[in-house]
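Got the viewer open and a selection box ready? Let's take a walk, one stop at a time.

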Amino acid sequence: MFILRVHSVDTEQPISSTEEIEFYYTTSSKSNPKPKFSERRGVVHLYRKASQTSLPNPISRSTSLFVVAVPNYLSALDFIRFAGPHLDNITNLLYIRNDGMEDRYSVLIELVDQSAADGFYCGLNAKRFSPAEAELCHILFIHSVEYSELGEIASTTPVGFTELPTCPICLERLDPDTSGIISTFCDHSFQCSCTSKWTHLSCTVCQFCQQQDEKMACSICGSLENLWACLICGFMGCGRYKEGHAVRHWKDTQHCYSLELISQQIWDYVGDGYVHRLNQSKADGKSIEINSRCMSDEGNCGSCGYGDDSGISEAIYSSKVEAIFDEYSRLLATELEKQRQNYESLLAEVKIKRESSIAEAVEKSVNSEMQDIQSKLDKYTEEKNALAEVNRNLIKNQQVWREKVKEIEERYFLFYFRSIHIIFSCFSCPEEGNFSLCIQTNANIAISSIFVYAACS
C-alpha cells in the first residue's frame with residue numbers, strides 16, 4: 001500500500017501542449033467525457049505500508065496509479081500516446097514536475113474503475129517507454145495523495161509507513177516486496193551505462209555509485225571506510241562498525257534504507273536486514289527476470305500470464321542467506337578486532353602496573369638505603385664534632401699546663417737558689433756553736449718551702 005505526499009506551493013495548471021493533446025484525443029478516443037490533463041510543480045514523497053508487501057494484491061489495489069519516473073525526452077503528448085490504448089478509461093492525468101530533477105517527471109493517473117486500473121497496470125507496467133531506450137515504466141497503486149505547502153509536513157513519515165526513494169534506479173535496487181517494482185532492465189552495477197540517462201542531474205546516490213574513482217567520506221566525521229548512502233536524501237554516513245553516523249541519520253529522519261557503496265547492498269534499519277534485489281542467478285551468474293504476480297484472489301487465474309513462482313524463490317533465499325552470512329562475518333570480524341584491542345589494552349595496563357610496581361619498589365629501597373646512609377652520616381658528623389670539641393679543649397688545656405709548668409719551674413729554681421743561699425749562709429755563720437741550730441732552722445724553712453711548693457703545684 002502506497003501513499004503520496006507532495007510538497008507544492010503551486011496549483012494545477014493546464015499543460016502547455018493542450019491543443020496537440022486535445023487533437024490527439026479527439027482523433028484517437030472513442031468515448032466521452034474527455035479526461036482532465038494538467039501539470040503541477042512540487043517535490044514528491046513516496047511512502048509504503050511497513051507491515052505489508054508492496055506487490056499488488058486485491059487489498060492494496062486502487063483506481064489511482066502513480067508512474068514513478070518518465071524520462072524527460074518523452075513529452076506530455078508522447079506519454080499520452082504511450083498510454084493510448086487505455087486513454088478512454090482515464091478521468092484525470094496530472095504531470096508532477098520537480099525543478100531539481102531535470103531528467104524525469106512523474107505522472108498521477110485516475111481511472112474510472114478498478115478493472116480499468118488493473119488493465120492499465122498489467123498492460124503498461126514494466127514496459128519500455130521507447131523500444132530503442134532502456135527505461136521501463138514503473139507503476140504503483142496509490143491509496144491517497146496529500147498536498148502541502150510546508151516541506152516539513154510533506155517529508156514527515158506517517159505512522160506505520162516508511163519512505164521510499166523516487167529515483168527509478170534506487171527503487172529497482174530494492175527487492176519487489178519492498179519497492180513494488182516487478183521487472184528491471186539490469187542490475188545497475190558500477191559499470192552500468194544505463195544509469196547515466198537517468199542520473200545526470202538528479203539522484204545523488206546514483207552519482208555516488210558512478211564516482212567510484214573519487215574518494216568519498218562521511219558527512220560528519222570524514223571517515224573513508226564503510227560508507228553508506230541514504231536512498232532517500234543521499235546523506236553519506238559511516239557504518240555502525242565505525243562511528244555509526246548512518247544509523248544516527250536513520251534515527252533522526254526515519255530514512256530507513258541505506259546503500260553500502262562497496263557492495264551496493266541495501267540495508268533496511270526497520271526490518272534489520274538486507275532488501276536489495278537479486279538480478280543474477282547464484283548458480284550460473286546469468287541475468288534472470290522476475291515476473292509479476294497474479295493479482296487475482298486465487299493467485300493463478302490463468303489469464304494474465306503470471307504465476308506465483310517463476311523459479312526465483314530459491315535464488316532469492318540463497319541471496320538473503322549469503323547477505324546474512326556476510327553481515328555476521330563482518331560482525332564477527334569486528335567483534336574479534338574489538339576483543340584484540342581490549343586484550344592489548346589490558347596487557348598494556350598490566351605492563352604499566354608491573355613497571356610502576358617495580359619503580360615503586362626500587363624507589364622504596366633507594367629511599368631506605370638513603371635514610372640509613374643519612375643516619376650514619378649524621379652519627380659520624382656528631383662524633384666528628386665531639387672529637388673536634390675534645391681537641392679544642394685539649395689545645396686550651398695544653399696552654400694552661402704550659403703556664404703551670406713554667407710557674408713550677410720558676411718556683412723550683414727559686415727554691416733551689418734559696419736553699420743554696422741558706423746553706424752558704426750557715427757555713428758563713430760566725431758563731432760556731434750555733435751552726436747546728438742554724439742548719440735546723442734553715443732546714444725547717446726549706447721543708448716549709450717544699451710543702452709550699454708542693455701545695456702550689
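One term first: two residues are in contact when heavy atoms lie within 4.5 Å. What you have on screen is a predicted model.

**Stop 1: a helix across strands**

Select residues 114-124, which are helix α3. Now add β5 (64-71), β6 (90-97), β7 (104-111) and β8 (139-148): helix α3 lies across these strands. Its direction makes an angle of about 115° with β8.

**Stop 2: the sheet**

Now for the sheet itself. It is open and has nine strands, in the order β2-β3-β6-β7-β5-β8-β1-β4-β9, and the pairing is mixed. Which strands sit at the edges? Select 13-14 for β2 and 161-164 for β9: each of these pairs on one side only. As a reminder while you look, strands of a sheet pair through backbone hydrogen bonds, either parallel or antiparallel.

Start from the β2 edge:

- β2 and β3 run antiparallel, joined by two bridges. Pick glutamine 13 and you will find glutamate 39 of β3 opposite.
- β3 and β6 run parallel, with six bridges between them. Click arginine 41 here, then its bridge partner in β6, arginine 97.

Then jump to the β9 edge. Strand β4 covers residues 43-49 and pairs with β9 in the antiparallel sense, over four bridges. Select lysine 49 to see one such pairing: its bridge partner in β9 is phenylalanine 161.

**Stop 3: histidine 45**

Stay in strand β4 and pick histidine 45. Is this residue buried or exposed? Its relative accessible area is 13%, so it counts as buried, the cut-off being under 20%. Show the side chains of histidine 45 and glutamate 163 together: a polar contact of 2.9 Å joins them. Then widen the selection to what else touches histidine 45. Leaving out neighbours within four places in sequence, its contacts are Ile3, Leu4, Arg5, Ala154, Ser155 and Glu163.

**Stop 4: proline 35**

Head for the loop between α1 (18-28) and β3 (36-41), where proline 35 has its place. Proline 35 is buried because its relative accessibility is 4%. Now add threonine 91: the two are 56 residues apart in sequence, yet their C-alpha atoms are 4.4 Å apart in space.

**Stop 5: helix α9 and its strands**

Move along the chain to residues 245-253, helix α9. Which of its residues are buried? They are His245, Ala246, Val247, His249 and Trp250. These buried residues pack against β10 (227-230) and β11. After α9 comes glutamine 254, with a positive phi near 65°.

Next, select β12, residues 257-260. In a regular strand the side chains alternate between the two faces of the sheet. Here both faces of β12 are covered. Tyr257 and Leu259 are buried on one side, and Ser258 and Glu260 are buried on the other.

β12 has partners to show as well:

- With β10, the pairing is antiparallel over three bridges. Tryptophan 228 has glutamate 260 of β12 as its bridge partner.
- With β13 (residues 266-268), three bridges join the strands, which again run antiparallel. Leucine 259 stands opposite isoleucine 266.

β12 and β13 make a hairpin, with five residues between the two strands. Look in the turn for glutamine 264, which has a positive phi of about 60°.

**Stop 6: color by confidence**

Switch the coloring to pLDDT. The chain's mean is 77, and 74% of its residues reach 70 or more. Where is confidence lowest, and where is it highest? The lowest is in helix α7 (residues 195-198), with a mean of 51, and the highest is in strand β11 (residues 236-238), at 92.

Now select residues 279-293, where pLDDT stays under 50 and the model has 35 contacts beyond four places in sequence. Do likewise with residues 295-312: pLDDT also stays under 50 there, and the model has 28 such contacts. Where pLDDT is low, the predicted coordinates should not be read in detail.

**Last stop: zoom out**

Show the whole chain. Its secondary structure comes to eleven helices and 14 strands. Of its 457 residues, 39% are buried. The chain exposes about 26,700 Å², with carbon and sulfur atoms supplying 55% of that. Among contacts between residues at least 6 apart in sequence, 68% join residues at least 24 apart.

Technical notes
Residues numbered from 1 in each chain as written. Predicted model: local features only at pLDDT ≥ 70, side-chain atom pairs only at ≥ 80, totals over all residues. Heavy atoms only, no water. Pairing = 2+ DSSP bridges. Axes fitted to C-alpha atoms, helices over the stretch in contact; angles between N-to-C directions. Buried < 20%, exposed > 50% of the residue type's maximum accessible area, 1.4 Å probe, protein only. Polar contact = N/O pair within 3.5 Å; in protein donor to acceptor, adjacent residues only side chain to side chain. Areas by Shrake-Rupley, 256 points an atom, 1.4 Å probe, with all protein chains shown as cover. pLDDT = per-residue confidence, 0-100.
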